[in-house]
Every structure is written in C-alpha cells, then in structure tokens.
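User: I have a model open and would like to know how its labels were reached. Could you walk me through the reasoning?

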Amino acid sequence: MLDIVVSEFMDEAALDGLRSEFEVHYDPTLADRPRELELLVSAARALIVRNRTRVQGPLLAAARRLEVVGRLGVGLDNIDLDACRARGIEVLPATGANAVAVAEYVIAAALVLLRGVFAATDAMLEGQWPRERLVGREAARRRMGFVGFGSTARQVASRAAALGMRIAAYDPHLPATDPVWQGVERHETLEGLLAAADVLSLHVPLTAETRGLIDATALSAMRPGAVLINTSRGGILDEAALVEALRAGRLAGAALDVFATEPLDRDTALLFDAAPNLILTPHIAGVTVESNERVSAMTAANVRKALKRKRA
Ligand SMILES: O=C(O)[C@H](O)COP(=O)(O)O
C-alpha cells in the first residue's frame, strides 16, 4: 500500500531513509501533471511538496486517506491550510532549514546591485575599458531595510551588520518589546521604512494582508536610488510598477527570485525584458546543496514522526 507521494525534487539520502520504512512514490515532475498526482495521492497517507504543487481543491478532494503534508520549504501559500485543518491533515514546513541559503542570496544580490560592476565582461571583450561607468556604491554604512523581520530576515541582518550596514525593519507582528529589536531601527510604519532603506528586502509570507503590499505607491515612497530584493513571494510586489520605477531611474536596481506567475508567462517576460539593472532568478534563493539536504532531512523526519504517531 502506498504511504508517501513526493511530487517535487528532494534529496536522495532523505528519500532513501523514508523508503526503508515506507512505500514511497517519488517523481519530481508530478507537480506538473495534476491528474496523475490526484490519482496517486488518493491512495497515500502523506504528500511531500515544494512550492509548485497546488495542495488545494481537486487534489485535496482526491486525497481521501491523506494525513500529512510535508513542505520542503517554509512558504505555505500553495496549500489550502483551512481545508487541511478542517480535515485534520497536518501541514509540516521545514522551518528555518533554508534560511542561510536565502540570507547568502540576499547579501550577494545587495552587493552586486549596489556595486554594479559584474556585468562588464561583454564590453571588455569588445575592447572597452568602462571604468567611469562602473564606479559603484559600498554597502558599508548604508541601510538595509526589511519588510518582515522573522528568522530568515534576521539571518540576513546579522550578515549585513557584519558588512557594516545599518539594520532597519518593519514588522507589525513583532512586539516592540521583543529582544530581536536590539540594535535594529524599528519602524512603526511601512512608509517610514521605505523612506529610510537603501536596500529593501522582502521577508513576509503571501497572505491576504501582504498581497500587493509593495505597489506603485510603496515603490514611489522608496529612497531614490535604492535597490529592492524579493525572495519572499511574487504576489507581494507589483511587477509592472517595479519595472516602471527602474526604467524611470527612481530605483537603481532589483533582484527578483519569486514572481506572481512561475515560470514567467510571456507577458511578464516581455515586461521585464531590458529593464535596467534587473536580476531574475528562478525561485532558487532558498535552494543550495546544503539547504536541500537540511530541508529534505527535516521534512522526512517530520513526515516519519507524524505517520508513526498517527498509526500508533
Ligand atoms: O518557501 C520556501 O521556503 C521557498 O519557496 C523555497 O522552498 P521551495 O523551493 O520548497 O519552494
């Protein structure tokens, strides 16, 4: 009898651990074949996903034996949490396991965007020597602003502080008395943070409260010449308004790892085409060799424990 279906990529060692105790069906392309996935999940006690599998509507309706969803990551916006709760299906994210990977991505992006020297190879091979055009900015003493100051943002902040950056954040869900605010400029309003940050990094989940949070008005409230990094979720940022701010030169650059539609649809690709100083990556900030091992091991352990507990 099938115990666990894994519909997106997962580390082999963690899979082998699960296979030693359970019947596992692993196919990292299943997220793109929802009908087949529904059929498989109808017999399974557990489902392990990343961010592409829509654990909602028809999939949940088909999943009659489902007891546990293991999430190889932290974002839960692809999962209908209310429906899972109502059915008694546990949803288990890999909390914290990819935070270092995201933090290193954000720091790298901040340095690349501020310095602006790392796209000169083509010009140099053409015989140019564009030194004056490539005089960039230092991170030290600039202000890194965080929208959302949870554990991933704090991993970024400690690294940014080590570079000599000032740390500022807006997080209405963290009480002012929380010790994490020590040494951090705490902003009561989003507008206050936007006006202060030289580098703005987004670290909030996609919820009804955060959808469209960084819209045209928010972007126009940012410091002229600031740069923006989004590793949270695409729906939080108005992509068209960002491109407009980049083209107008109000913002100096952006790095986007997450998008309203993933992979990019044709219209979004056209929108982003040739936008100045825009770095695009395919939802990979949280995925490194090491984080994939940690996330997979944590998820395997979470699912194993839940299945054993439920059987007992
Ligand atoms: O939510 C997350 O942690 C990110 O989406 C990365 O995880 P994923 O690759 O599993 O989506």
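**From values to labels**

Analyst: Happy to! Let's start with R304, which is in helix α12. Please keep in mind that this is a predicted model.

User: Why is R304 called partly exposed?

Analyst: R304 has a relative accessible area of 23%. Buried needs under 20% and exposed needs over 50%. The value for R304 falls in between, so partly exposed is the label. Leaving aside residues up to four places away in sequence, R304 touches G17, L18, E21 and F22. The C-alpha atoms of R304 and A269 are separated by 41 Å, with their positions 35 residues apart along the chain.

User: Thanks! What makes F146 and F149 a tilted pair?

Analyst: The structure holds 3 aromatic pairs. In the pair of F146 and F149, the ring centres are 5.7 Å apart and the planes are at 50 degrees. Centres within 6.5 Å make a pair, while an angle under 30 degrees would be stacked and one over 60 edge-to-face. The angle of 50 degrees belongs to neither group, so the pair is tilted.

User: And why is the pair of F149 and W181 called stacked?

Analyst: Here the centres lie 5.6 Å apart, and the planes meet at 20 degrees. That angle is under 30 degrees, so this pair is stacked. The pair links distant parts of the chain. F149 is in the loop between β6 (143–147) and α7 (151–162), whereas W181 is in the loop between β7 (166–170) and β8 (185–186), 32 residues apart. Together, F146, F149 and W181 form one aromatic cluster.

User: How do you know whether the residues of this cluster, F146, F149 and W181, are buried or exposed?

Analyst: Take them in turn against the cut-off of under 20%. F146 has 0% relative accessibility, so F146 is buried. F149 is buried with 2%, and W181 at 6% also counts as buried.

User: What lies over the face of W181?

Analyst: That is R186, at 5.4 Å from the ring centre. Another charge over a ring involves R50, whose charged end sits over the ring of F9, 4.0 Å from its centre.

User: R50 is also around the ligand. How do you know that R50 has a polar atom close enough to the ligand for a polar contact?

Analyst: A polar side-chain atom of R50 lies 3.3 Å from an oxygen atom of the ligand, and the cut-off is within 3.5 Å. G75 has a backbone N or O atom 2.6 Å from a ligand oxygen, and an N or O atom in the side chain of N98 is 2.8 Å from an oxygen of the ligand. The protein covers 93% of the 300 Å² of accessible area that the ligand has on its own.

User: Which residue around the ligand has a positive phi, and why is that residue called buried?

Analyst: That is H283, listed among the residues around the ligand. Its phi is near 50 degrees, a positive value in a residue other than glycine. H283 is in the loop between β12 (278–280) and α12 (289–311). Its relative accessibility is 19%, which is under 20%, so H283 counts as buried.

User: Then why does R141 count as exposed?

Analyst: R141 has 56% relative accessibility, and the cut-off is over 50%, so R141 counts as exposed. R141 sits in the loop between α6 (121–125) and β6, and has a positive phi of about 75 degrees although it is not a glycine.

User: What makes H203 buried, and what joins its side chain to S201?

Analyst: The relative accessible area of H203 is 14%, under the 20% cut-off, so H203 is buried. A polar contact of 2.8 Å joins the side chains of H203 and S201. H203 lies in the loop between β9 (199–202) and α9 (216–220). Beyond residues up to four places away in sequence, H203 touches several others, including F146, V147, G148 and T231.

User: One last thing: what kind of peptide bond joins E262 and P263?

Analyst: A cis peptide bond, with omega at about -10 degrees. You will find P263 in the loop between β11 (253–256) and α11 (266–272).

Terms used. Residues are numbered from 1 along each chain as its sequence is written. This is a predicted model: local features need pLDDT of at least 70, side-chain atom pairs count only at pLDDT 80 or more; totals for chains, interfaces and linings use all residues. Side-chain values use heavy atoms; hydrogens and water are left out. Rings of Phe, Tyr and Trp (its six-membered ring) pair if their centres lie within 6.5 Å; planes under 30 degrees apart count as stacked, over 60 as edge-to-face and the rest as tilted. Buried means under 20% relative accessible area, exposed over 50%, partly exposed in between (1.4 Å probe, protein chains only). Helices (H or I, at least four residues) and strands (E, at least two) are DSSP runs, numbered from the N terminus. A charge sits over a ring if NZ of Lys or CZ of Arg is within 6 Å of the ring centre and within 35 degrees of the ring normal. A polar contact is a pair of N or O atoms within 3.5 Å; within protein, one must be able to donate a hydrogen and the other to accept it, and residues adjacent in sequence count only if both atoms are side-chain atoms. Contact means heavy atoms within 4.5 Å. A residue is near a molecule or strand if one of its heavy atoms lies within 4 Å of it. Accessible areas come from the Shrake-Rupley method with a 1.4 Å probe; for residues, only the protein chains shown count as cover.
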